[in-house]
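Trainee: I would like to learn how to read a fold from its model, one feature at a time. Could we begin with a helix and work outwards from there?

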Amino acid sequence: MTRFGDVQSRQGVWHLRIEGKREKIRYIPLAIAAQRLITAYLAAAKHGDETDGPLFRPVKNNTTKTLAKALHQSSVWDMIRLSTVQIGIAGTTPRLGVHAMRATAATNALEHGADIAKVQEWLGHADISTTRLYDKRGSRPEDSPTLKVRYER
């Protein structure tokens, strides 16, 4: 569960505190767009002063009426499914899950020029060979050596 206190300013940049495998702690910089969305969410949710509480909470709770608990995992997946419908990608992937989204983010970062060592650190991989599994840049058909061959007559 992400707590409000997990969003921290480090050297003037917002970071998200992540606890990975074997309780390893990493601080991941938040994109400017994510910062804006979290700021807008906190202004609307009106729980930004409660630094020990969960960051993302339900907007209503018909059962217990309490909103001071973490957003339920099924609610998060409901929002993700709704978003896939809204952006037109629903049903285009056999299995949308946390790992698929993580892999997509890593692949996207690499395709847009991120250094593979930085992506390794970002993902928390101990070995860069694991990160290379996400690197699809060499498998693009337009980069194949076959298409680089020139035949002279």
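Trainee: Which exposed residues does the face of α1 turned away from its buried side carry?

Mentor: Please keep in mind that this is a predicted model. The general idea is that an α-helix has 3.6 residues a turn, so residues three or four places apart point the same way. In this structure, the face of α1 turned away from its buried side carries R36, L37, A43 and A44, which are exposed.

Trainee: And which residues of α1 are buried?

Mentor: Q35, I38 and L42 are buried in α1. Seen down the axis of the helix, the buried residues of α1 fall within an arc of 70°, so they line one face. What they pack against is strand β2, residues 13-19.

Trainee: Q35 caught my eye in that list; why does Q35 count as buried?

Mentor: The cut-off for buried is under 20% relative accessible area, and Q35 counts as buried because its relative accessibility is 15%. If residues up to four places away in sequence are left aside, Q35 touches W14 and L30.

Trainee: How does one judge the length of α1, and what follows the helix?

Mentor: One compares an expected span with the distance between the end C-alpha atoms: at 1.5 Å a residue, the 14 residues of α1 (residues 32-45) should span 20 Å, and the end C-alpha atoms are 20 Å apart, which agrees. The helix is followed by K46, which has a positive phi, near 60°.

Trainee: Let us turn to the strands. How many bridges join β1 to β2, and how many join β2 to β3?

Mentor: As general background, in a regular strand the side chains alternate between the two faces of the sheet. Here, strand β1 (residues 7-10) is joined to β2 by four bridges, and the two run antiparallel; Q8, for instance, has H15 as its bridge partner in β2. Five bridges join β2 to strand β3 (residues 25-29), again in an antiparallel arrangement, and the bridge partner of I18 in β3 is R26.

Trainee: What should I look for in the hairpins, and which residues there take a positive phi?

Mentor: Look at the residues between the strands and at their phi angles. The hairpin of β1 and β2 has two residues between the strands, and Q11 takes a positive phi near 55° there, although Q11 is not a glycine. Q11 is also exposed, with a relative accessible area of 85%. In the hairpin of β2 and β3, which has five residues between the strands, R22 takes a positive phi near 55°. E23, which lies in the loop between β2 and β3, likewise has a positive phi of about 55° without being a glycine, and E23 is exposed at 62% relative accessible area.

Trainee: Stepping back, what pattern does the chain follow along the sequence?

Mentor: With five helices and three strands, the chain reads β-β-β-α-α-α-α-α along the sequence. The radius of gyration is 20 Å, well over the 15 Å that the globule rule gives for 153 residues, so the chain is more spread out than a compact globule. Along the principal axes, the C-alpha atoms fill a box of roughly 80 × 40 × 30 Å.

Trainee: What share of the residues counts as buried, and how much area does the chain expose?

Mentor: Of the 153 residues, 22% count as buried, while the chain exposes about 11700 Å², of which carbon and sulfur atoms supply 56%.

Conventions
Residues numbered from 1 in each chain as written. Heavy atoms only, no water. Expected span 1.5 Å × (residues − 1). Buried < 20%, exposed > 50% of the residue type's maximum accessible area, 1.4 Å probe, protein only. Arc of directions from axis to C-beta. Contact = heavy atoms within 4.5 Å. Rg over C-alpha atoms; globule rule 2.2 N^0.38 Å. Areas by Shrake-Rupley, 256 points an atom, 1.4 Å probe, with all protein chains shown as cover. Pairing = 2+ DSSP bridges.
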